Amino acid sequence: MKIGVIGGGQLGRMLALAGTPLGMNFAFLDPAPDACAAALGEHLRADYGDQDHLRQLADEVDLVTFEFESVPAETVAFLSQFVPVYPSAEALRIARDRLFEKSMFRDLGIPTPAFADVLSQADLDAAVTRIGLPAVLKTRTLGYDGKGQKVLRQPEDVTDAFAELGSVPLLLEGFVPFTGEVSLVTVRGRVGEVACYPLVHNTHESGILRLSVA
C-alpha cells in the first residue's frame, strides 16, 4: 500500500517510520525543500492548495492522510473527490479551529472552560468582562507550541492584545489552574474498529511539549 501524506514534517516522518516496517510506502506533499519526512518516501514539493500536484498525489497512492491539523480543509475536500482521505475534511475543519472544536464539545456535553469568539478588540473587552481574568487568548487556527497565545492576568494585559496576536480571529477562554496534563491517543479504522493507546503524562517547558511518559 502507498499512502499519501499532506505535510512532510516530524509527525509525517514518525508516521513513515512506523509504517515502513509494515510494508507501506509513502509520498509526502510539502512546500518545504528540506521536509524532514522526505528521506522516507517520495517528496512532491508544492503548496497545499496546488491542485495539479494534489491530483498527481491522488493518482499515485491508495489513500491519503495528513500529518497535522494546519492543512487546509479545502485541500482534503479536493483530494477526496479522487482518492479516499482519512480523517475527513469535516473532521479537519472542526479540529483545526479552536472555536469549532470548543463548540462541538459544548454541543456534545463535554465540559469546557467558558469561551468566546473574538473578532475585534471590542469583542475581547466584552469577553473579558463576561469571562473574567485570568484568561487565555488564542488564535483560532495555526497555533502550536505556545505560539499564538497570551495569558491575560491583569487589565493592562488586555489592552491592544487583539493586535498583538495579529488581528486575526481569536478565542478567549477561562484560565484553568492545573497541576499536570495527561493525554490519550485513540485511533479508528476504516470499518469502525477503535483502539486506544496507553495514557501518557506530559511535561511542558515554555509551552512546548518536552516529554511524554506512558
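**Figure 1. Aspartate 34 sits in the loop between strand 2 and strand 3.** This is a predicted model, as are the views that follow. With a relative accessibility of 63%, aspartate 34 counts as exposed, because the cut-off for that label is over 50%. Now look across to glycine 8: 26 residues separate it from aspartate 34 in sequence, while the C-alpha to C-alpha distance is 9.0 Å.

**Figure 2. Four strands make an open, parallel sheet in the order 3-2-1-4.** Strand 3 (42-44) and strand 4 (63-66) are the edge strands; each has a single partner strand, so one side of each has no neighbour in the sheet. From one strand to the next, the twist averages 25°. Zoom in on strand 1 (residues 2-6) and strand 2 (residues 25-29) and you can trace 5 bridges between them, in the parallel sense. Glycine 4 is a handy landmark here, standing opposite alanine 27 in strand 2.

**Figure 3. Helix 1 and helix 2 meet the strands of the parallel sheet.** Helix 1 (residues 10-19) packs on the sheet and touches strand 1, strand 2 and strand 4. Its direction makes about 170° with that of strand 2. Helix 2 (residues 51-60) lies across strand 1, strand 2, strand 3 and strand 4. The angle between helix 2 and strand 3 is about 155°.

**Figure 4. Threonine 75 belongs to helix 3 (residues 73-79).** Is threonine 75 buried or exposed? It is buried, at 3% relative accessible area, because anything under 20% gets that label. The side chain of threonine 75 reaches the backbone oxygen of tyrosine 48 at 2.7 Å. If you skip the neighbours within four places in sequence, the contacts of threonine 75 are Ile6, Tyr48, Gly49 and Leu54.

**Figure 5. Lysine 138 is a buried lysine in strand 6 (residues 135-139).** The relative accessible area of lysine 138 is 13%. What does the side chain of lysine 138 make a polar contact with? The partner is the side chain of glutamate 173, at 2.9 Å. Beyond the neighbours within four places in sequence, lysine 138 is in contact with Arg98, Gly148, Gln149, Leu165, Leu170, Leu171 and Glu173.

**Figure 6. Strand 6 and strand 7 pair up in the antiparallel sense.** There are 4 bridges in this pairing. One to pick out links alanine 135 to its bridge partner in strand 7, leucine 152. Strand 7 (residues 149-152) shows two faces: Lys150 and Leu152 are on the covered one, Gln149 and Val151 on the uncovered one. The general pattern is that side chains in a regular strand alternate between the two faces of the sheet.

**Figure 7. Three strands form an open, antiparallel sheet in the order 9-12-13.** At the edges stand strand 9 (181-183) and strand 13 (208-213), each with a single partner strand, so one side of each is left open within the sheet. Ignoring direction, neighbouring strands here are turned by 40° against each other on average. Strand 12 (residues 200-205) and strand 13 run antiparallel and are joined by 5 bridges. To find one spot in this pairing, go to asparagine 202, whose bridge partner in strand 13 is serine 212.

**Figure 8. Cysteine 36 and cysteine 196 are shown in a model with 0 disulfides.** Cysteine 36 counts as partly exposed, with 33% relative accessibility. Cysteine 196 is exposed, and its relative accessible area is 53%.

**Figure 9. The chain has 8 helices and 13 strands, giving the setting for the close-ups.** Along the principal axes, the C-alpha atoms fill a box of roughly 55 × 40 × 35 Å. How many of the 214 residues count as buried, in percent? The share is 35%. Among contacts between residues at least 6 apart in sequence, 45% join residues at least 24 apart. The accessible surface of the chain comes to about 12400 Å², and 56% of it belongs to carbon and sulfur atoms.

Key: Residues numbered from 1 in each chain as written. Predicted model: local features only at pLDDT ≥ 70, side-chain atom pairs only at ≥ 80, totals over all residues. Heavy atoms only, no water. Pairing = 2+ DSSP bridges. Axes fitted to C-alpha atoms, helices over the stretch in contact; angles between N-to-C directions. Buried < 20%, exposed > 50% of the residue type's maximum accessible area, 1.4 Å probe, protein only. Polar contact = N/O pair within 3.5 Å; in protein donor to acceptor, adjacent residues only side chain to side chain. Contact = heavy atoms within 4.5 Å. Disulfide = S-S within 2.5 Å. Areas by Shrake-Rupley, 256 points an atom, 1.4 Å probe, with all protein chains shown as cover.
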